[in-house]
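Visitor: I should like to understand how the terms used for a protein structure are justified. May we go through them one at a time?

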Amino acid sequence: MKTGSFIHNPKMRSFLLKFFGQKNFFWKLITPLLKLQKNMKTDCIFCKIVRGEMSSKKVYENEKVIAFHDINPQAPVHILVVPKKHIEKITDLEDSEEDKEILYDIIKTCKIIANQMKIAERGFRIVVNTNPEGGQTVYHLHFHIIGGRQMRWPPG
Ligand code: 5GP
Ligand code: ZN
């Protein structure tokens with residue numbers, strides 16, 4: 001279709017006039033882009049794994065979460081459960097239906113993984129490191145599931 005005929009199409013002209021005539025058309029244009037940017041960080045390694053741009057040894061995936069082997073395992077079983085939405089840390093979870101569902105899905109996934117890895121009965125540990133003193137190194141929320149050996153207390 002030629003640009004001229006596209007612009008001169010009466011229906012298209014009326015749509016464009018209505019859309020750009022609105023006071024808040026700018027925000028209507030950029031709001032979806034801002035939402036997309038909030039949910040996916042381009043430079044985050046776990047977002048890259050979610051998008052399939054970086055490889056991982058995936059053990060489970062559903063609409064909201066993904067679980068894969070930690071690259072530097074601290075025990076015979078060491079799986080990371082990660083929400084697909086980019087949330088930096090546990091204290092950034094919001095009191096929204098979306099985030100409540102994500103948190104529920106993460107916990108449900110931990111149970112599935114524990115059964116899948118056959119550590120549910122023996123026992124295992126779930127760890128969420130938060131901020132520098134908590135030892136967080138990747139700023140995309142993740143739950144470590146660690147098992148397959150005796151855990152010690154207190155942790156280091
Ligand atoms: P944190 O220190 O933030 O609690 O945990 C980050 C974890 O991510 C670490 O255990 C680290 O080994 C793991 N990790 C870092 N980069 C990668 C990666 O590219 N792939 C995988 N599978 N794990 C990673
Ligand atoms: Zn991310």
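Guide: We may begin with Asn 131, which is partly exposed, with a relative accessible area of 29%. Please keep in mind that this is a predicted model.

Visitor: What makes Asn 131 partly exposed?

Guide: Buried means under 20% relative accessible area and exposed means over 50%. Asn 131 has 29%, so the residue is partly exposed. Its place is in helix α6, residues 131-134.

Visitor: What is notable about phi of Asn 131?

Guide: Phi of Asn 131 is near 65°, a positive value in a residue other than glycine. Most residues other than glycine have a negative phi.

Visitor: Which value does phi of Lys 118 take, and why is Lys 118 called exposed?

Guide: Phi of Lys 118 is near 60°, again a positive value in a residue other than glycine. Lys 118 lies in the loop between α5 and β4 (124-127). Its relative accessible area is 68%, and the cut-off for exposed is over 50%, so Lys 118 is exposed.

Visitor: How do you know that the peptide bond from Trp 153 to Pro 154 is cis?

Guide: The omega of that bond is near 5°. Most peptide bonds are trans. Pro 154 lies in the segment after β5.

Visitor: Let us turn to the metal. Which atoms coordinate the zinc ion (ligand 2)?

Guide: They are SG of Cys 44, SG of Cys 47, ND1 of His 86 and ND1 of His 140, at 2.0 to 2.4 Å. The cut-off for a donor to this metal is within 2.8 Å, so these atoms count as donors.

Visitor: Why is the arrangement around the zinc ion (ligand 2) called tetrahedral?

Guide: The four donor atoms subtend angles of 104 to 117°. Four donors count as tetrahedral if all angles lie between 85 and 135 degrees, so the arrangement is tetrahedral. The ideal angle for four tetrahedral donors is 109.5 degrees.

Visitor: How are the donors of the zinc ion (ligand 2) spaced along the chain?

Guide: They follow the spacing C-x2-C-x38-H-x53-H. Cys 47 lies in helix α4 (residues 45-51) and His 86 in the loop between β3 (77-83) and α5 (97-116), so this pair ties together parts that are 39 residues apart in sequence. Both Cys 47 and His 86 are buried.

Visitor: What makes β3 mostly covered?

Guide: Seven of the seven residues of β3 are buried. On one side these are Val 77, Ile 79, Val 81 and Pro 83, and on the other His 78, Leu 80 and Val 82, so that both faces are covered.

Visitor: How do you know that β3 pairs with strand β2 (residues 65-69)?

Guide: Five bridges link β2 and β3 in the antiparallel sense. Two strands pair if there are at least two bridges between them, so the condition is met. Ala 67 stands opposite Val 81 in β3. Five bridges also join β3 to strand β5 (residues 143-147), and these two run antiparallel. Here Val 81 stands opposite Phe 143 in β5.

Visitor: Finally, what makes the approach of His 144 to ligand 1 a polar contact?

Guide: An N or O atom in the side chain of His 144 is 2.8 Å from an oxygen atom of ligand 1. The cut-off is within 3.5 Å, so the pair is a polar contact. For the side chain of His 142 the distance to an oxygen atom of ligand 1 is 2.9 Å. The protein covers 85% of the 520 Å² of accessible area that ligand 1 has on its own.

Note on methods:
Residues are numbered from 1 along each chain as its sequence is written. Chains are lettered from A and ligands numbered from 1 in the order in which they are written. This is a predicted model: local features need pLDDT of at least 70, side-chain atom pairs count only at pLDDT 80 or more; totals for chains, interfaces and linings use all residues. Side-chain values use heavy atoms; hydrogens and water are left out. Donors are N, O and S atoms within 2.8 Å of the metal (3.2 Å for Na, K and Ca); water is not among the atoms, so sites may look incomplete. Four donors count as tetrahedral if all angles lie between 85 and 135 degrees; four count as square planar and six as octahedral if opposite donors are over 155 degrees apart and all others between 65 and 115; anything else is irregular. Helices (H or I, at least four residues) and strands (E, at least two) are DSSP runs, numbered from the N terminus. Buried means under 20% relative accessible area, exposed over 50%, partly exposed in between (1.4 Å probe, protein chains only). A polar contact is a pair of N or O atoms within 3.5 Å; within protein, one must be able to donate a hydrogen and the other to accept it, and residues adjacent in sequence count only if both atoms are side-chain atoms. Accessible areas come from the Shrake-Rupley method with a 1.4 Å probe; for residues, only the protein chains shown count as cover.
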